[in-house]
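Got the viewer open? Let's take a short walk through this one, picking a new selection at each stop.

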Amino acid sequence: MAWFKRSKENISPESQKRDIPDGQWIKCDSCSEIIHKKQLELSNWVCPKCDFHFRIGSEEYIKTLLDDGSFKEMDKKMKSGDPLEFEDTKKYAARIESTMSKTNLNDAVKTGTGKINGAKVSFACMDFKFIGGSMGSVVGEKIARAIDKAYSSKMPMIIISQSGGARMMEGAFSLMQMAKTSSRLARLAEAKIPYISILADPTTGGTTASYAMLGDVIIAEPKALIGFAGPRVIKQTIGKDLPEGFQRSEFLLEHGFVDMIVQRKDLKETVSKMIGYMTN
Amino acid sequence: MAKNILEFEKPIIELENKIEEMRKYEDNLDIKEEITLLEDKVTKLKENIYDNLTRWQRVQLARHPERPFTLDYLYLMTNDFVELHGDRYYRDDNAIVGGFAMLEDQKVMIIGHQKGRDTKSNLFRNFGMPNPEGYRKALRLMKLAEKFNRPVITLLDTPGAYPGLEAEQNGQAEAIARNLFEMSRLQVPIVVVIIGEGASGGALGIGVGDRILMLENTWYSVISPESCSSILWRSWDYKEQAAESLRLTAKDLLEQKIIDRIVAEPLGGAHKNHIKIAETLKEILLEELKELTKIKPDKLVQNRLEKFGSMGVYVE
């Protein structure tokens, strides 16, 4: 028999969590501040209290970066072909179908042309919510074509990456997209057309090890996870805890792998300025 | 030796040991006929087993510790190999080796992943897992080859780029990305051969080229079957299924039109006969180089761009 017996229900940390119903109010993942959706939209999906940059999709980035109504989408209908008829706990084809209807997207990247303060650009933005922003044949092909558009129309290339890496369910095809996109960027570079790479949270694996790291200028959002191997794998390999801030934007800036860290509200002006310096 | 016998090799080894045993009494007893019979049986058994290996079994063969590694091929195929060290920025990475060599009368640059055969050499070679310095050394050597107009041969055999703290800090992703970018526009022929394991970006980091060859019992994919199992099945136990799902053998990749050619291995695998596989590979490399060296640099680069551009399956 215990000396003390709690007569009332346990007070757990769970019950202190500020749970809120879906709808107009959103809780900040970092400081738990409750923010109205409209307010969040006005602040570019950045927490007004703690500056946490919410993970946002291609639609939101188009609004953030491109001039209103200037975006013209390319290859909108391209879909995955399931070349391996891949199956894990679920069939890949079924996974694609359900993700498509859930996200209203056809794959993990949107590409097209648009304007940034009047300057025409070729634009690609990934979507993390589509199978972890993974790069398969569709992502590779769409990005390659966007780079071709930049090449043939002589306009700067802008890519926003947010991706867990190459897509496992397309096996070696996914791997080859790294070579496909990088070789197109090499041709773009020969033609002296600028490429600005923007890294959002998270950018890892094959995406980082191809186009994400090949920008003439590389811009990272604050505190984004950027790396090749994921932190869990590294921790397992070295058998030690990882230092605070490891693989975050600030860490990459310190070690010389990104040019700058830019707040989302300043992203458009910064990109615009860089385009100005690299084009006539 | 005994520890390196794979499960499916056991019946073959058993029979071979039996024949060996019988040979001892060959002179005294009249068992010549029986031996011949058994030998036929072994050959048939081998053909049967090696024609019907599962994908996971091929992965096991690709990892066989007695398989020839890059330096073995260098010693067996080439003359006058001169190893060149260091990335000129930070240090020398022993998981990637490279240097000039003579392939018959052809001056070439050969670069490859290098594994170790025992604990000590594996630690020295970091199990064939390069750090960024390895990729930067490889690129330096490729640019050197380009400068003096020598074809490049790369030999791929890695369980992956090293997922370490320093590797990340020193830009593992940037180093691999840079290599893909530069290899795609290198002005000399590049022949890529997967000689063992072709694990993901760590392999592709020296794997962009004009001709991609795979030895018969090797694998090449976006992820190892074990890691794939742990991510998609959330358990390490589904590696066999993962290997099947990933379609990662030489035959699979030829069907997927990702590689150009399969190099046949001696019956039982490359580890059974180092000299034979090195001879076969040498012949094929000479053949490929003969074709590639005829092509003008501009055309070579254009073809390479189109080659990788055509890879991928999608619906429009």
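Start with the walls of the largest cavity: by class, the lining has seven nonpolar, seven polar and two charged residues. Bear in mind that this is a predicted model. The search of the whole structure turned up one cavity of 30 Å³ or more, and about 120 Å³ of space lies in the largest cavity. To centre your view there, select Ile226(A), Gly227(A), Leu252(A), Glu168(B) and Gly171(B), which of the 16 lining residues are the closest to the cavity centre.

Next, colour the helices around that space. Helix H9 (249-254) of chain A, plus helices H7 (165-169) and H8 (172-183) of chain B, each supply at least two residues of the lining. Which helix gives the most? That's H8(B), with three residues.

Stay on H8(B) for a moment. Put a distance between its first and last C-alpha and you get 17 Å for 12 residues, close to the 16 Å expected at 1.5 Å a residue. Now switch on a surface: is H8(B) mostly covered or not? Mostly covered, with 11 of its 12 residues buried. Among them are Ile176(B), Leu180(B), Phe181(B) and Met183(B), along with Glu174(B) and Glu182(B).

Finally, zoom out and select chain A. You'll find 10 helices and 10 strands. Its radius of gyration is 21 Å, close to the 19 Å that the globule rule gives for 280 residues, so chain A is as compact as a globular protein of that length. Along the principal axes, the C-alpha atoms of chain A fill a box of roughly 80 × 45 × 40 Å. Of the 280 residues in chain A, 53% count as buried.

Definitions and conventions. Residues numbered from 1 in each chain as written. Chains lettered and ligands numbered in written order. Predicted model: local features only at pLDDT ≥ 70, side-chain atom pairs only at ≥ 80, totals over all residues. Heavy atoms only, no water. 1 Å grid on protein atoms, 1.4 Å probe; cavity = no way out; pocket = protein on both sides within 12 Å on 5 of 7 lines; lining within 4 Å. Points joined across faces, edges and corners; volume = space filled by probe spheres on them. Helix = DSSP H or I, 4+ residues; strand = E, 2+ residues; numbered from the N terminus. Nonpolar A, V, L, I, M, F, W, Y, C, P; charged D, E, K, R; others polar. Expected span 1.5 Å × (residues − 1). Buried < 20%, exposed > 50% of the residue type's maximum accessible area, 1.4 Å probe, protein only. Rg over C-alpha atoms; globule rule 2.2 N^0.38 Å.
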